[in-house]
Amino acid sequence: MPRRTAVLRTDAARPSLKRDTLVEVAERLFDRYGFHGTGVDRLVQESGVARMTFYKHFPTKNALVRAVLERRDERFRSFLERHVVERSDPGQPEVLAIFDALADWLDDEGAQGNLLLRAVGEFSGHDVSIAGDAVFRCRWAGPWFAERLGEQGVGQADARGWDLALLLEGAVALAPVVGGRDAAGQARHAAAALLLSWSTSVEI
């Protein structure tokens, strides 16, 4: 696959092991119990990190939330990009391969839906900077699809990229209801139908 504009930051200094542990444990707990449903006491207890160490790395719980959103975003997008590369072939457009990659992600990670969108819901009335960061991170999919649709010669690629982004986000949202693989499969089916209607030159 040709090299495209990077979507992930790769130049950040590696955090300490204890900071890594805090962020990893916090991501799991926030995903399961929610941001406001997980207190510092539980974070300290389950991470095995002293409270003083917690506040050394994160002056506030919200600072930890921001780190968790960054980690989740990078893991999600890196996973999809890597699996799209593995699945892509001349008969499989990347805009469809990403739904297959999404099915693999949702098998393990999708039981609770989109953690970033849940952050938007929980923090919109409490910390607009966290909600705004989460919104910004959720906006990658439209341009990602649009770039690839443009390469395939599909007209109105910018607008249609967001059509496919809605399918992808819809699959993530429905994963807790119908199962991640089924949700991604239905989204892929809808995406294939849209591609066929947009351009008969696209191989489905």
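Me: What is the volume of the largest cavity in this structure?
Reply: The model is a predicted one. A count of cavities of 30 Å³ or more comes to 2. The largest cavity has a volume of about 170 Å³.

Me: Which residues are closest to the centre of the largest cavity?
Reply: The lining of the largest cavity consists of 16 residues. Within that lining, the residues closest to the centre are R72, F76, N114, L115 and L116.

Me: Which elements give two or more residues to the lining of the largest cavity?
Reply: By class, the lining has 8 nonpolar, 3 polar and 5 charged residues. The elements that each give two or more residues to this lining are α4 (61-87), α5 (94-109), α6 (115-123) and α9 (157-178).

Me: How many helices and how many strands does the protein chain have?
Reply: Along the sequence, the pattern of the protein chain reads α-α-α-α-α-α-α-α-α-α. The totals are 10 helices and 0 strands.

Me: What percentage of the residues in the protein chain is buried?
Reply: A residue counts as buried when its relative accessible area is under 20%. The protein chain has 204 residues, and the buried share of them is 45%.

Me: Which residues make the nonpolar surface patch of about 280 Å²?
Reply: One member of the patch, L174, is found in helix α9. L174 has a relative accessible area of 45%, so this residue is partly exposed. The patch, of about 280 Å², is made by L174, V177 and V178.

Me: Where is Q156 found?
Reply: Q156 is not a glycine, yet it has a positive phi of about 50°. Most residues other than glycine have a negative phi. Q156 is found in the loop between α8 (141-151) and α9.

Me: Is Q156 buried or exposed?
Reply: A residue counts as exposed when its relative accessible area is over 50%. The relative accessible area of Q156 is 59%, and therefore Q156 is exposed.

Me: How many salt bridges does a search of the whole structure find?
Reply: Side chains of opposite charge can pair when their charged atoms come close. A salt bridge is counted when a side-chain nitrogen of Lys or Arg lies within 4 Å of a carboxyl oxygen of Asp or Glu. The search of the whole structure finds 18.

Me: How many residues apart are R118 and D31?
Reply: R118 forms a salt bridge with D31, and their closest N and O atoms are 2.9 Å apart. This pair links distant parts of the chain, with R118 in helix α6 and D31 in helix α1 (residues 17-33). The two residues are 87 residues apart.

Me: Which of the two, R118 or D31, counts as buried?
Reply: The limit for a buried residue is a relative accessible area under 20%. R118 has a relative accessible area of 22%, so R118 is partly exposed. At 11% relative accessibility, the buried residue is D31.

Me: Which helix holds both D73 and R77?
Reply: D73 and R77 form a salt bridge, the closest N and O atoms being 3.0 Å apart. D73 counts as buried at 5% relative accessibility, and R77 counts as buried at 11%. They lie 4 residues apart, about one turn of the helix, and both are in helix α4.

Me: How many residues apart are R137 and D73?
Reply: The side chains of R137 and D73 meet in a salt bridge of 2.9 Å, N to O. The pair links distant parts of the chain, as R137 is in helix α7 (residues 128-137) and D73 is in helix α4. The separation along the chain is 64 residues.

Me: Which residues are joined into one network by salt bridges that share partners?
Reply: R118 and D31, already met as a pair, belong to this network. The residues joined are E27, D31, R71, R72, R75, E109 and R118.

Me: How far apart in space are A67 and V23, C-alpha to C-alpha?
Reply: A67 lies in helix α4 and counts as buried, at 9% relative accessibility. A67 and V23 are 44 residues apart in sequence. In space, C-alpha to C-alpha, the distance is 6.7 Å.

Note on methods. Residues are numbered from 1 along each chain as its sequence is written. This is a predicted model: local features need pLDDT of at least 70, side-chain atom pairs count only at pLDDT 80 or more; totals for chains, interfaces and linings use all residues. Side-chain values use heavy atoms; hydrogens and water are left out. On a 1 Å grid over the protein atoms alone, a cavity is a set of points where a 1.4 Å probe fits but cannot get out, and a pocket is an open set with protein on both sides within 12 Å along at least five of seven lines; lining residues have an atom within 4 Å of a point. Grid points are joined across faces, edges and corners, and a volume is the space filled by probe spheres set on the points. Ala, Val, Leu, Ile, Met, Phe, Trp, Tyr, Cys and Pro count as nonpolar, Asp, Glu, Lys and Arg as charged, and the others, Gly among them, as polar. Patches are made of residues with over 30% relative accessible area and no salt bridge: like charges are joined within 9 Å, nonpolar side chains (Val, Leu, Ile, Met, Phe, Trp, Tyr) within 5 Å. Accessible areas come from the Shrake-Rupley method with a 1.4 Å probe; for residues, only the protein chains shown count as cover. Buried means under 20% relative accessible area, exposed over 50%, partly exposed in between (1.4 Å probe, protein chains only).
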